[in-house]
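Here is a friendly walk through one protein model, with a few stops along the way. Please keep the structure open beside the text as you read.

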Amino acid sequence: MSFLVRREDSKRQVSAQGYVQESKSFAHELWDWTKSILVALLVVILVHQFGFNLSTVRGHSMDPTLHEGEWLFVNKAITYLKAPSRGEIVILEEPEKLALPQHPLLVKRVIAIAGDEVQGRQGDLYVNGDKVSETYTDTPIQDGDFGPTEVGPGEIFVMGDNRHLAASADSRLFGVIPINLVQGRADFVLWPLDMAGKL
């Protein structure tokens, strides 16, 4: 009789130990999954904040180069390595002078950088007195003459590629902008596929 009691007690102990081990195993696996998810989220946040992201074109200010609805691959890391260069297409925060809530970010082309003088005369663009050949536009500047404007240190002058009348709100309207408003450089069109390619 004593033997049977000890055997039953032994079975209960083994069963209880198995339950505890199973609980520990489940908790350990749950913690592993939680850590993995947290690390993945952290990586995504860091990449989005400092590496790259996607941006959608809104409006027609960059026609004919970019069209509404296209998805752009935006290189954010480049902004930590160097200042924007002439000819690059950048994503920038809207200057306070414009402050349109429906367009918190703008996409524009860098026309002039620190030390440059930019001017529009008789439909043509001039930087430092030299006429710029703008193969990315489909019309002369139709908004009239502007400038000359001096671009100071830490500033850039941006314009949309759409040079039709009143088609782009850019540095002709809100002036030069500090480069700290630049969020990244648009490097590629990703979508739609028939328009995909390097900018």
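Ser85 is partly exposed in this predicted model, because its relative accessible area of 28% falls between the limits of 20% for buried and 50% for exposed. Ser85 sits in the loop between α2 and β3. Its side chain makes a polar contact of 3.1 Å with the side chain of Lys82. If neighbours within four places in sequence are set aside, Ser85 is in contact with Val110 and Ile113. Ser85 also has a partner in space from far along the chain: the C-alpha atoms of Ser85 and Ile156 are 8.9 Å apart, although 71 residues separate the two in sequence.

The backbone of Ser85 takes us on to Glu88. A polar atom of the Glu88 side chain lies 3.0 Å from the backbone nitrogen of Ser85. Glu88 is found in the loop between α2 (78–81) and β3 (89–93). Is Glu88 buried or exposed? Glu88 counts as buried, because its relative accessibility is 16% and the cut-off for buried is under 20%. Apart from neighbours within four places in sequence, the contacts of Glu88 are Lys82, Lys108, Arg109, Val110 and Arg185. Val110 is thus in contact with Glu88 and with Ser85.

**The chain as a whole**

Let us step back for a moment. The protein chain contains three helices and 12 strands. Of its 199 residues, 33% count as buried. Among contacts between residues at least 6 apart in sequence, 58% join residues at least 24 apart.

**A pocket**

Next comes the second largest pocket, with a volume of about 230 Å³. Its lining is made up of 16 residues, and nearest the centre lie Thr79, Tyr80, Ile179, Val182 and Gln183. Which elements give two or more residues to this lining? They are α2 and β11 (182–191). Strand β11 provides the largest share, four residues. By residue type, the lining of the second largest pocket divides into seven nonpolar, five polar and four charged residues.

**Aromatic pairs**

A pair of aromatic rings is described by the distance of the centres and the angle of the planes. The count of aromatic pairs here comes to three. One of them is formed by Trp71 and Trp191, a tilted pair with 6.2 Å from centre to centre and 40 degrees between the planes. Trp71 belongs to strand β2 (residues 71–75) and Trp191 to strand β11, so this pair ties together parts of the chain that are 120 residues apart in sequence. Trp71 counts as partly exposed, at 40% relative accessibility, and Trp191 counts as partly exposed too, at 43%.

Another pair is that of Phe146 and Phe157, which is stacked because the ring centres are 5.8 Å apart and the planes meet at 10 degrees, where stacked calls for planes under 30 degrees apart. This pair links distant parts of the chain: Phe146 is in strand β8 (residues 146–150) and Phe157 in strand β9 (residues 155–159), 11 residues apart. Phe146 and Phe157 are both buried.

**Backbone details**

Some peptide bonds and phi angles are worth a look as well. Gly147 and Pro148 are joined by a cis peptide bond, with omega of about 5 degrees, and Pro148 lies in strand β8. Trp191, already met in the tilted pair, is joined to Pro192 by a cis peptide bond, again with omega of about 5 degrees. Pro192 lies in the loop between β11 and β12 (197–198).

Two residues with a positive phi come next. Asn128 has a positive phi although it is not a glycine, and Ala166 shows a positive value in a residue other than glycine. The table sets out their angles, places and accessible areas.

| Residue | Phi | Place | Relative accessible area |
|---|---|---|---|
| Asn128 | about 55 degrees | loop between β6 (124–127) and β7 (130–131) | 40%, partly exposed |
| Ala166 | near 55 degrees | loop between β9 and α3 (171–174) | 67%, exposed |

Why does Ala166 count as exposed? Its relative accessible area is 67%, and exposed means over 50%. Asn128, with 40%, is partly exposed.

Terms used. Residues are numbered from 1 along each chain as its sequence is written. This is a predicted model: local features need pLDDT of at least 70, side-chain atom pairs count only at pLDDT 80 or more; totals for chains, interfaces and linings use all residues. Side-chain values use heavy atoms; hydrogens and water are left out. Buried means under 20% relative accessible area, exposed over 50%, partly exposed in between (1.4 Å probe, protein chains only). A polar contact is a pair of N or O atoms within 3.5 Å; within protein, one must be able to donate a hydrogen and the other to accept it, and residues adjacent in sequence count only if both atoms are side-chain atoms. Contact means heavy atoms within 4.5 Å. On a 1 Å grid over the protein atoms alone, a cavity is a set of points where a 1.4 Å probe fits but cannot get out, and a pocket is an open set with protein on both sides within 12 Å along at least five of seven lines; lining residues have an atom within 4 Å of a point. Grid points are joined across faces, edges and corners, and a volume is the space filled by probe spheres set on the points. Ala, Val, Leu, Ile, Met, Phe, Trp, Tyr, Cys and Pro count as nonpolar, Asp, Glu, Lys and Arg as charged, and the others, Gly among them, as polar. Rings of Phe, Tyr and Trp (its six-membered ring) pair if their centres lie within 6.5 Å; planes under 30 degrees apart count as stacked, over 60 as edge-to-face and the rest as tilted.
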